[in-house]
Amino acid sequence: MSSLPPVPLTIEGASCLHQMFRFRWRHWLKLDCFHQRQVVAEATKLLGPLEAGTGAANTKQSAVYSLLGHKGDLLLVHFRDSLEELNQLEVELARLEISEFLEVQSSYLSVVELGLYDSTVKTYQSLSDQGIAPYSAEWNQAIAEVTERQRTAMAARLYPVIPNNKYICFYPMDRKRAETQNWYTVPMAERQRLMHEHGLVGRRHADQVKQIISGSIGFDDWEWGVDLFSDDPVAFKRLIYEMRFDEVSAVYAAFGTFYVGVRVRVSELPQLLGLSATANPG
Amino acid sequence: MSSLPPVPLTIEGASCLHQMFRFRWRHWLKLDCFHQRQVVAEATKLLGPLEAGTGAANTKQSAVYSLLGHKGDLLLVHFRDSLEELNQLEVELARLEISEFLEVQSSYLSVVELGLYDSTVKTYQSLSDQGIAPYSAEWNQAIAEVTERQRTAMAARLYPVIPNNKYICFYPMDRKRAETQNWYTVPMAERQRLMHEHGLVGRRHADQVKQIISGSIGFDDWEWGVDLFSDDPVAFKRLIYEMRFDEVSAVYAAFGTFYVGVRVRVSELPQLLGLSATANPG
Amino acid sequence: MSSLPPVPLTIEGASCLHQMFRFRWRHWLKLDCFHQRQVVAEATKLLGPLEAGTGAANTKQSAVYSLLGHKGDLLLVHFRDSLEELNQLEVELARLEISEFLEVQSSYLSVVELGLYDSTVKTYQSLSDQGIAPYSAEWNQAIAEVTERQRTAMAARLYPVIPNNKYICFYPMDRKRAETQNWYTVPMAERQRLMHEHGLVGRRHADQVKQIISGSIGFDDWEWGVDLFSDDPVAFKRLIYEMRFDEVSAVYAAFGTFYVGVRVRVSELPQLLGLSATANPG
Amino acid sequence: MSSLPPVPLTIEGASCLHQMFRFRWRHWLKLDCFHQRQVVAEATKLLGPLEAGTGAANTKQSAVYSLLGHKGDLLLVHFRDSLEELNQLEVELARLEISEFLEVQSSYLSVVELGLYDSTVKTYQSLSDQGIAPYSAEWNQAIAEVTERQRTAMAARLYPVIPNNKYICFYPMDRKRAETQNWYTVPMAERQRLMHEHGLVGRRHADQVKQIISGSIGFDDWEWGVDLFSDDPVAFKRLIYEMRFDEVSAVYAAFGTFYVGVRVRVSELPQLLGLSATANPG
Amino acid sequence: MSSLPPVPLTIEGASCLHQMFRFRWRHWLKLDCFHQRQVVAEATKLLGPLEAGTGAANTKQSAVYSLLGHKGDLLLVHFRDSLEELNQLEVELARLEISEFLEVQSSYLSVVELGLYDSTVKTYQSLSDQGIAPYSAEWNQAIAEVTERQRTAMAARLYPVIPNNKYICFYPMDRKRAETQNWYTVPMAERQRLMHEHGLVGRRHADQVKQIISGSIGFDDWEWGVDLFSDDPVAFKRLIYEMRFDEVSAVYAAFGTFYVGVRVRVSELPQLLGLSATANPG
């Protein structure tokens, strides 16, 4: 039994980029109002359709948030079908005139991920019971079928639509690998149990807070990115505080920087940037 | 008994933003005196009413401090009713001409929080004695009543008026989650005892130092923010040094950056910025 | 037996420099189109032949990647025959006009390295059996012969050609030296066993992901650099996630910053920088 | 006995600010010589009297040092009677024209502190023997008398004159709070013993090195600041190296950044900044 | 025996400053060629004699290296007779016109140091056998004689000539003070043994790599600086990798940033900076 592989199955969906920008107000305010409108109009032309979403299921989507505090002024969250598409978008944004006023502060690269602890344990055990050796051709084939089936069943969660809530909270996190408490040496069954309990907390708060989890091992400096969406920001605090007492978080979670923003519709950009909504160039 | 939830109840009040700015003296001193007066007048027009406080109980308030050392020149402390109001204020400040001379160095985002360890233990036990299961509808209802009652009783502390003392000391802090000493795995009764002892120290210094504690889990990179106010800055040192020998601080506290400032009334801003108080544009 | 040296034999090949640049779009976009073409043409003239590779086996090679996120816009990966050649290249690049638009963000210096755990154990044991004392002239001679033989056999891997895959993933890493888990005090045989298991994971993913490992002890701030190449970036995540459950990674690996980029052919540079491919100066 | 408070008594004196500046040579050298003289003359007019010292005992004093290495070019050390005075001085300096050429790199805020381990143990025990409860009115009164008496006796050390030595060494430090080695949970008697031994080392080097210890709990990011003064900088190394083998330093000390400077008399500023000493404007 | 002092004797020689600069190519390339030559000529006039060495034994010396990677473009290594001389040199360099193109990135301040573990153990024991109490006048006198004798014998190593090798590798390091593994609480005899073994590794590589060790306790942020010189940079890697398996390094060493450079003769500066060697102004 101890020879079952320790790696839980995961399925991956949309490629995801968070971009944190400082807005160069000082330079912006020196621009005349007519020029400002042109800049915003050009940005709106690119971002407007992205807000609505493109692609088969409108899941190639981007959203804008006004960040609180010094970590940035604007947060752009992008979901796409590949890293290459994200890279093209980055370049496209950099060529807009509004980029003259955006100074990149940080970013986060990940792919939407669903961890399949329950299916994993069941599948590994069943394959073992059938005497199929891990990593054999037959085993690989069976695993591919399981993940493919899940990918289809979970398509809507793998390629999520960005929730319409007023507030976002984003942070990256790791599972600790300390000397006596190392997530990656905990037996699978124990990890499954801990993740299950952890999931229950999220479900208790699901009315108030929607979550999108993305994986970033190999993509960025933490192992996962967490996006929370809510209309009441205190709900973020309650959820995360409650989770901190979970065994898996209390003992094994390490957290990066927290970003909190207020959703800005693309149509509200002129107002955010100090332009009255009435007039419009062209 | 071990099935009682480990999470202490908290109640939340005002949303709170600390902004640390460097003042660009070099650029300011190149401005002619007439222009300087205009800049200060515009800033005063926004900040003056905020100093007095707006809202039902004048608790939507902002205060200005002159910071010591290289971590910044000015500290603005804002209390508002929501994160959205804080975000609007940030943008409003960024559009003032004085922002041309303010370079944001840091910030801290939190909400005023009161931890209810004593009520929590009593309530959880009583609900358990009545056979009410945690997180059941009945349980949730009872908890909501307790916190609502406390919110009403503590309204003045949840939406505090900024004390008038000459000095402020602000710092963020965490409870440690180390391998053998992890606050989040300490049993509730033990945490209650430690927090009680910790509170006694604060009370012994209450004549000298006023405190506002805000929670920032999910909002910023530390778990709590602490604001101390006093007319004698050595009182900050004595209080914090005494607390460092508390079991809860000695073992479980981790501290961020300390900021110390001297209160500046909005009416004193011209003087601070090198303008004589007598003349005034317009 | 305990007197066998604890140091595994390694063989070294190409000198390797990774350069991460931010592209100063803001300044670039202010250049007129004719001038932009000149700048790109000059860069292309240097980089084009380097992409193809020079030297006896075309292994003096450079490749360009468009990076994702804020850690940089362009990644240049260079393989050369010596550090001196790399240094000359750095200076040559700095003198190009395109450097006006490149702001160095980071870099990594290393040499391609192959660890010879299996040969080491066999050789040390055999020399010991022959009664040859470690570090004696005879011993040094025998070791030199072993490594020389391996260097010849492995020449193609020591001086690798840069794979043509669409994506690159680069990160530096260390072996931990913590108080109870210290790689450098683990007995050789145990390290050999762990590295062997670690290698099996890599081999299972070899179809999907090519690896180049370089050593940087004495050259840069981590002990090794890892380059992964694939056409499917999720393969990076799967490989590294699986490896994280390896005993050697779970317990002893520490990871630096992860960089992910999309390959850009030198002929595609004009397009990346916003120039249509049709026209060309001169 | 275990109910004696664990907090050692301290007495505080002068408020102390260290300011580390980079000198913008590039801009300075573009200034014409006549203008340079004006700038230095204005700075000298402020700093000259501060070097001599003002206030009742000439202890409101400032000194200038030329720093070694990239951490800064100039170090200003200020002793004043309050944080407010230090803050006013900061603003006054910022308004000088020389500030155009000074870029603040770092700073340290503290108050001169004397720890009274011996008096504390004696006093706490004596009050306990008299049956006086800790923190009772009577107890507070007795403690106030002890500290007041010490403050008077130690006035010269609490408000020190800056030694005239050629070299300064400044660094901040903490007492560790690690999982098994936590200064703040060590019994008072043991801390007293360790601090006594630590003091003996300092005394053995007193001929060569003068010390000023300041406390910064609540003021800055470390717990103490240490200023050493000597005519032989190798004496700094010998003293600190010997102390590192002290039990209290070996086990409990954590050190911040070290700054080393050469004393510059205000009258030598023109020479340091490249002006011949002979001519002078006005 | 346990009362023997735990501090090993050291002797100190030349004061040593490493300066890491970024070269502002972008600004340099805008200078006309005639002006470039003037700038280089002025720098050469100062640096030329320093390269040859001044002072009684030509040990007041400076060397220039072209650094690899983003940590800097130029490394200047200076040996002088005192910190004050180093400080004067820093100011002298800052006043050169070439400093307009040099941006200081980092630096390291230290004094050449030889640790005398063997003499220390012998001397302490012998003084103890004679019944001479540590730190008594007689003891101090005896110690002074020992160190004076060693200083004379080791003069050439304390005031070293900079080796002529093509490559330099510089890094700072500490001895760890962790909870269970603390160098400063290891008994002297054990430290002596470990340092002896450590020295053997260095000696095995002495043909390939020359070392200069400098002490920086009290001078900079790490305890020691290590300079390695070789014509084959892979020799740096081999030496440091082998040392990493030493008990003293494996368990007690902590390493800072590594800098690797290629020696540039002052006469080669014009070429490095893009000037043909043939012409020369004046």
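These questions and answers walk through a predicted model, from one chain to its copies and then to single residues.

Me: How many helices and strands does chain A have?
Reply: Chain A spans about 75 × 40 × 35 Å along the principal axes of its C-alpha trace. Its secondary structure comes to 10 helices and 9 strands.

Me: What share of the contacts in chain A, at a separation of 6 or more, joins residues 24 or more positions apart?
Reply: Chain A has 282 residues, and buried residues make up 60% of them. Among contacts with a separation of 6 or more, residues 24 or more positions apart account for 78%.

Me: How far apart are the centres of the positive and negative side chains in chain A?
Reply: Chain A exposes about 11,200 Å², and carbon and sulfur atoms supply 52% of that area. The chain has 28 positive and 34 negative side chains. The centres of the two sets lie apart by 5 Å.

Me: What kind of rotation axis relates chain D and chain B?
Reply: Chain D can be laid on chain B by a turn of 72 degrees and a shift of 0.0 Å along the axis, with an RMSD of 0.0 Å. The two copies are thus related as by a rotation axis that is five-fold.

Me: Which residue of chain D comes closest to the rotation axis?
Reply: The comparison uses C-alpha positions in chain D. The closest approach to the axis is 6.9 Å. It belongs to Glu179(D).

Me: Do chains D and B meet through the same or different surfaces?
Reply: Only 4% of the interface residues of chain D are also interface residues in chain B. The copies therefore meet through surfaces that are different.

Me: Which residue has the C-alpha nearest the axis in chain E?
Reply: Chain E can be laid on chain C by a turn of 72 degrees and a shift of 0.0 Å along the axis, at an RMSD of 0.0 Å. In chain E, the nearest C-alpha is 6.9 Å from the axis and is that of Glu179(E).

Me: What percentage of the interface residues of chain E are also interface residues in chain C?
Reply: Chains E and C meet through different surfaces. The reason is the low share of interface residues of chain E that are also interface residues in chain C, only 4%.

Me: How far apart are the closest C-alpha atoms of chain C and chain D?
Reply: Chain B and chain E do not touch, and their nearest C-alpha atoms are 13 Å apart. No contact joins chain C and chain D either. Their closest C-alpha atoms lie apart by 13 Å.

Me: How many residues of helix α8 of chain D are buried?
Reply: Helix α8 of chain D covers residues 234-244 and is mostly covered. Its buried residues include Phe236(D), Leu239(D) and Ile240(D). Lys237(D), Glu242(D) and Arg244(D) are also among them. Of the 11 residues in the helix, the buried count is 10.

Me: Which strand of chain B pairs with β4(B) over 12 bridges?
Reply: Strand β4 of chain B, residues 102-115, is mostly covered, with 10 of its 14 residues buried. Within β4(B), Ser110(B) stands opposite Cys16(B). The pairing over 12 bridges is antiparallel, and the partner is strand β1.

Me: What is the bridge partner of Val111(B) in β6(B)?
Reply: Strand β6 of chain B, residues 210-215, runs antiparallel to β4(B), and 2 bridges join them. In β6(B), the partner of Val111(B) is Gly215(B).

Me: Which residue of chain D is in contact with Leu86(E)?
Reply: Leu86(E) lies in helix α3 of chain E. It is buried, with a relative accessible area of 0%. Leaving aside neighbours within four places in sequence, its contacts include Ser15(E), Cys16(E) and Leu109(E). From chain D, the contact is Leu68(D).

Me: Is His205(C) buried or exposed?
Reply: His205(C) is found in the loop between α7 and β6 of chain C. Beyond neighbours within four places in sequence, it is in contact with Arg238(C), Leu239(C) and Glu242(C). Its relative accessibility is 13%, and buried means under 20%. His205(C) therefore counts as buried.

Me: How far apart in space are Gly199(E) and Met243(E)?
Reply: Gly199(E) is found in helix α7 of chain E. It is partly exposed, with a relative accessible area of 26%. Met243(E) is 44 residues away in sequence. C-alpha to C-alpha, the two are apart by 9.4 Å.

Notes:
Residues numbered from 1 in each chain as written. Chains lettered and ligands numbered in written order. Predicted model: local features only at pLDDT ≥ 70, side-chain atom pairs only at ≥ 80, totals over all residues. Heavy atoms only, no water. Buried < 20%, exposed > 50% of the residue type's maximum accessible area, 1.4 Å probe, protein only. Helix = DSSP H or I, 4+ residues; strand = E, 2+ residues; numbered from the N terminus. Least-squares fit on C-alpha atoms with pLDDT ≥ 70 in both. Contact = heavy atoms within 4.5 Å. Areas by Shrake-Rupley, 256 points an atom, 1.4 Å probe, with all protein chains shown as cover. Lys, Arg positive; Asp, Glu negative; His and termini not counted. Charge placed at Lys NZ, Arg CZ, Asp CG, Glu CD. Pairing = 2+ DSSP bridges.
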